[in-house]
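User: I'm new to this one and would like to know where the labels come from. Could you walk me through them?

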Amino acid sequence: MKIVRLDHVNLRTSRLDEMIRWYETYVGLRNGPRPDFGFRGAWLYAGDHAVVHLVEVTEECASVEPKIEHFALKAKGLAKFLKNLEANEIPARVVKVPGLPIIQVNVEDCDGNHIHIDFHENET
């Protein structure tokens, strides 16, 4: 067996509609087709691939202490991304990864999940 790539991240949320809007508006993912699992959720796509899966839960907070520290997405369009965050007062921490040609933009979604969006350093 050989792992080829990370397929998706699955997040539980009690704020499904707000999370869908957040990932569409600020990360640029697209809400797309999802199998009927018999419970509410959403699959958010980057191109043809559903990279973030959301599952609606009824409790206020899916987890007080998350088991995952963050997940990362690779992207293009750093200036436009930062402008959108700033215009919507979304806090972000921009970090140049030492020794790699990567600029990380660290944000939290509306449920507090840490995400970093990675851009090539030539976009600065």
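Analyst: Sure, starting with Glu18: its relative accessibility is 33%, so Glu18 counts as partly exposed. Buried means under 20% relative accessible area, exposed over 50%, and partly exposed in between (1.4 Å probe, protein chains only). Keep in mind that this is a predicted model, where local features need pLDDT of at least 70, side-chain atom pairs count only at pLDDT 80 or more, and totals for chains, interfaces and linings use all residues. Residues are numbered from 1 along each chain as its sequence is written, and side-chain values use heavy atoms, with hydrogens and water left out.

User: What makes Arg15 and Glu18 a salt bridge?

Analyst: The rule asks for a side-chain nitrogen of Lys or Arg within 4 Å of a carboxyl oxygen of Asp or Glu. For Arg15 and Glu18 the N to O distance is 3.6 Å, so the pair fits. Arg15 is partly exposed because its relative accessibility is 29%.

User: How many salt bridges are there in the whole structure?

Analyst: The search finds five. One of them joins Asp17 and Arg40, at 3.0 Å from N to O. That pair links distant parts of the chain: Asp17 sits in helix α1 (residues 16-27) and Arg40 in the loop between β2 (30-32) and β3 (41-46), 23 residues apart. Helices (H or I, at least four residues) and strands (E, at least two) are DSSP runs, numbered from the N terminus.

User: What makes Arg40 partly exposed?

Analyst: Its relative accessible area is 43%, so Arg40 falls in the in-between class. Arg40 also meets Glu56 in a salt bridge, at 3.5 Å from N to O. Glu56 belongs to strand β4 (residues 49-56), so this pair ties together parts that are 16 residues apart in sequence.

User: On to the rings. How many aromatic pairs are there?

Analyst: The count is five. Take Trp22 and Tyr23, with centres 5.1 Å apart and planes at 70 degrees, so the pair is edge-to-face. Rings of Phe, Tyr and Trp (its six-membered ring) pair if their centres lie within 6.5 Å; planes under 30 degrees apart are stacked, over 60 edge-to-face, and the rest tilted.

User: Why are Phe37 and Trp43 called tilted?

Analyst: Their planes are at 45 degrees, so they are neither stacked nor edge-to-face, and the 6.2 Å between centres is within the limit.

User: Is Tyr23 buried or exposed?

Analyst: Buried, because its relative accessibility is 0%. Trp22 is buried too, at 6%. Together with Tyr26, Trp22 and Tyr23 form one aromatic cluster.
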